[in-house]
Amino acid sequence: MFRRPFASRGIRRSIHLGTLPNSHSPIVSSLSFFKSVTPDGGIIPTFRVLDGVGRPVEGAQIPEIDEPFARRLYENMQLLPTLDTVLYQVQRQGKTSFHMTSHGEEATIIGSAAALELDDEVLGQYREMGVLLWRGFSVDSVMNQCFGNQEDTSGKGRQMPVHFGSPKHHFHTISSPLATQIPHAAGVGYALRRSDRRSRNIAACFFGEGAASEGDFHAGLLLASTIPSPTLFIARNNGFAISTPSTEQYYGDGIASRGPGYGIDTVRVDGNDVLAVIAAVREARKRTLEQGRAVLVEAMSYRVGHHSTSDDSFAYRQRTEVEDRKRIDNPIARFRLYMESQGWWNATEEEELKARLKADVMKALKRAESLPRCELGELFTDVYAGEEPWNIKEQRAELTGLLKKYGDSWEPWRTELGRFKNKGQDLTSV
Ligand SMILES: Cc1ncc(C[n+]2csc(CCOP(=O)(O)OP(=O)(O)O)c2C)c(N)n1
Ligand SMILES: [Mg+2]
C-alpha cells in the first residue's frame, strides 16, 4: 500500500500525466525543485496560545485547564528554577561535581510533562528534571541523586549528578552520550505496542536540536516510522548545543521539517508558552496513541542558563542577548500574568510560594549533604544479572588490596573513605 505524501501539500501539477507504477507520485512535465515541506513553500509556522505578556492571541485555542491544575503547573515551573539555582551554587561551592539547569525551558518541560500520562515511558536527554518533579519525584530524591548519597534511588551514587532514573516514575535513566535515547525510545514504543499497555501508554522521547544532528536521531525516527509504534518525539530547540548555535546545526527548516520526510505527523510550538505546549503535546499524544504511529513536536525556546556548570556561555554569546531573552517571552512571567488575569494568582501568593519552595529546597540540601554515600562495595553490585562474573570479582579484590595498603596512610583516600557508609570496611574487613 502506498501513501500519498504530497497529495495534500499543494505540489502543483500543470498536466495530468498519471502516476509512476507502484507509486502515487504524480508525473509532471515541468522541472521543479523544492526544499520546503509547507503547502505554500514557506517556513513551518509556530503554534502559540498566549502572547509575550500572557494574553490569549487572536483565535487562541486555550487547552482545558482548571485552577488547581494551573496552580500545579505554575508551582512546578517555579520549583524547577529554585532547585536549579541552588544546585548550581552548590556545585560552585565544590559540594557536588556537576549540574545542568533548565532555565528558560520551564514551559517546554513542565508543559510536556503535564500533557503526558503519569505512566507514559519517558526517555530524556538530561535537561528534563521537571518531568520527574511533575510526577512527584521529591525534592529530597533530587538532592540525594545530585549528592550521590546512600538514599539515591536513581543509581546508588554511581551516576553523575542529574543523571536521574526512576522505574517508579517511568523515567528511564539519563545517558549522556547524545541521542542514544532516540532509537531506544522507538524500541520502548514498539515494546509498548506489543504489550497489554498498547492502547494506554506511549513512549515520550526528549532531545535537543543538537542531538538531532546525530545519526541516532535518524535511526530512531526511521525505526519508529517503518516499524510503527506509539512514540512521541519532543525536540527541545533551545538555540544552542553548548557553544554551537542552532543556525550551525542545520540549514533546513529546523527539526520539524525532518518529520514529514519520515511520514511523521509534526508540529512546531512556542516552547515558552506553557499552554501552547500542553495543547500541542496533548494532541500529539492522542495521535500517537490512536494511530499507533510516531509524532514529532519541535518546541522553540532559548537556553537562558549556561550549558552546564562546565560552561561559561559568555565566551560565545553576548550578555545582552541573554538578558533580552530572559525578558522576552519569559515562560514563567508569561504564565503568571495569565494566571493573574484569571484571578488564580496574586503577589502575596507569589511571595509565599517562593519562600516555601526555597525553604523546602534548602532543607533537602542540608539533609542530602549530611548523609553518607552507599557502602563502597556497592560499586561492584548490580552490574550484571545472575552470578557475578570473574572480572567483577577481580576488580573488587584489586580495590580491596589497594585500600588495605593505602586506605589509612594516604590522606586523600582516608578523607574520601570517610564519606562512605562504614568507611570502606565492608571491603577491607573481609
Ligand atoms: C555523542 C556525544 N557527542 C558529544 C557530546 C558532548 N555534548 C554534551 S551536551 C552537548 C550539546 C547538546 O545540545 P542539544 O542536543 O541541543 O541539547 P541542550 O544541551 O541544548 O539541551 C554536547 C555536544 C556528548 N555528550 N555525546
Ligand atoms: Mg540545544
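User: Before we get to ligand 1 in this predicted model, what makes a residue count as near a molecule?

Analyst: It comes down to the C-beta atom, placed from the backbone. A residue is near a molecule if that atom lies within 6 Å of it.

User: Okay, so how many residues surround ligand 1?

Analyst: The closest ones are Leu-178, Gly-208, Gly-210, Ala-211 and Ala-241. Counting the whole surrounding set, you get 16 residues.

User: How many residues of that shell around ligand 1 are charged?

Analyst: The shell splits by class into 6 nonpolar and 6 polar residues, plus the charged ones. The charged count is 4.

User: Switching to the chain, what percentage of residues 76–372 is helix?

Analyst: That stretch is what UniProt, in an unreviewed entry, lists as "domain: Dehydrogenase E1 component". Its end C-alpha atoms sit 29 Å apart, and strand makes up 11%. The helix share is 45%.

User: Are α2 and α8 roughly parallel or oblique?

Analyst: Helix α2 covers residues 106–115 and helix α8 covers residues 274–291; their axes come within 8 Å and cross at roughly 40 degrees. Under 35 degrees would count as roughly parallel. The crossing angle therefore makes α2 and α8 oblique.

User: And is the crossing of α2 and α8 left-handed or right-handed, and how many nonpolar residues are in the contact?

Analyst: α2 passes α8 in a right-handed crossing. On the α2 side the contact includes Ala-107, Ile-110 and Ala-114, and on the α8 side it includes Val-274, Ile-278 and Arg-285. Besides 3 polar and 2 charged residues, the contact of α2 with α8 has a nonpolar count of 8.

User: At what angle do α1 and α11 cross?

Analyst: Helix α1 runs over residues 67–92 and helix α11 over residues 347–370, with axes that come within 10 Å. The two are oblique to each other, and the crossing is right-handed. The angle is roughly 45 degrees.

User: How many charged residues does the contact of α1 with α11 have?

Analyst: Among the residues that meet are Glu-75, Leu-79 and Val-86 in α1, and Lys-354, Lys-358 and Leu-365 in α11. By class there are 8 nonpolar and 2 polar residues. The charged ones number 3.

User: α4 packs on α11 too, so how far apart are the axes?

Analyst: Helix α4 spans residues 139–147 and packs against α11 at about 40 degrees. That angle makes α4 oblique to α11, in a right-handed crossing. The axes are 9 Å apart.

User: How many polar residues are in the contact of α4 with α11?

Analyst: Met-143, Asn-144 and Phe-147 are among the α4 residues there, with Ala-364, Arg-367 and Glu-369 among those from α11. The contact has 7 nonpolar and 4 charged residues. The polar count is 1.

Conventions
Residues numbered from 1 in each chain as written. Chains lettered and ligands numbered in written order. Predicted model: local features only at pLDDT ≥ 70, side-chain atom pairs only at ≥ 80, totals over all residues. Nonpolar A, V, L, I, M, F, W, Y, C, P; charged D, E, K, R; others polar. UniProt positions renumbered as here; feature names shortened; annotations may be inferred. Helix = DSSP H or I, 4+ residues; strand = E, 2+ residues; numbered from the N terminus. Axes fitted to C-alpha atoms, helices over the stretch in contact; angles between N-to-C directions. Parallel < 35°, antiparallel > 145°, perpendicular 65-115°, else oblique. Left-handed = near helix turned anticlockwise from the far one by under 90°. Contact = placed C-beta atoms within 7 Å.
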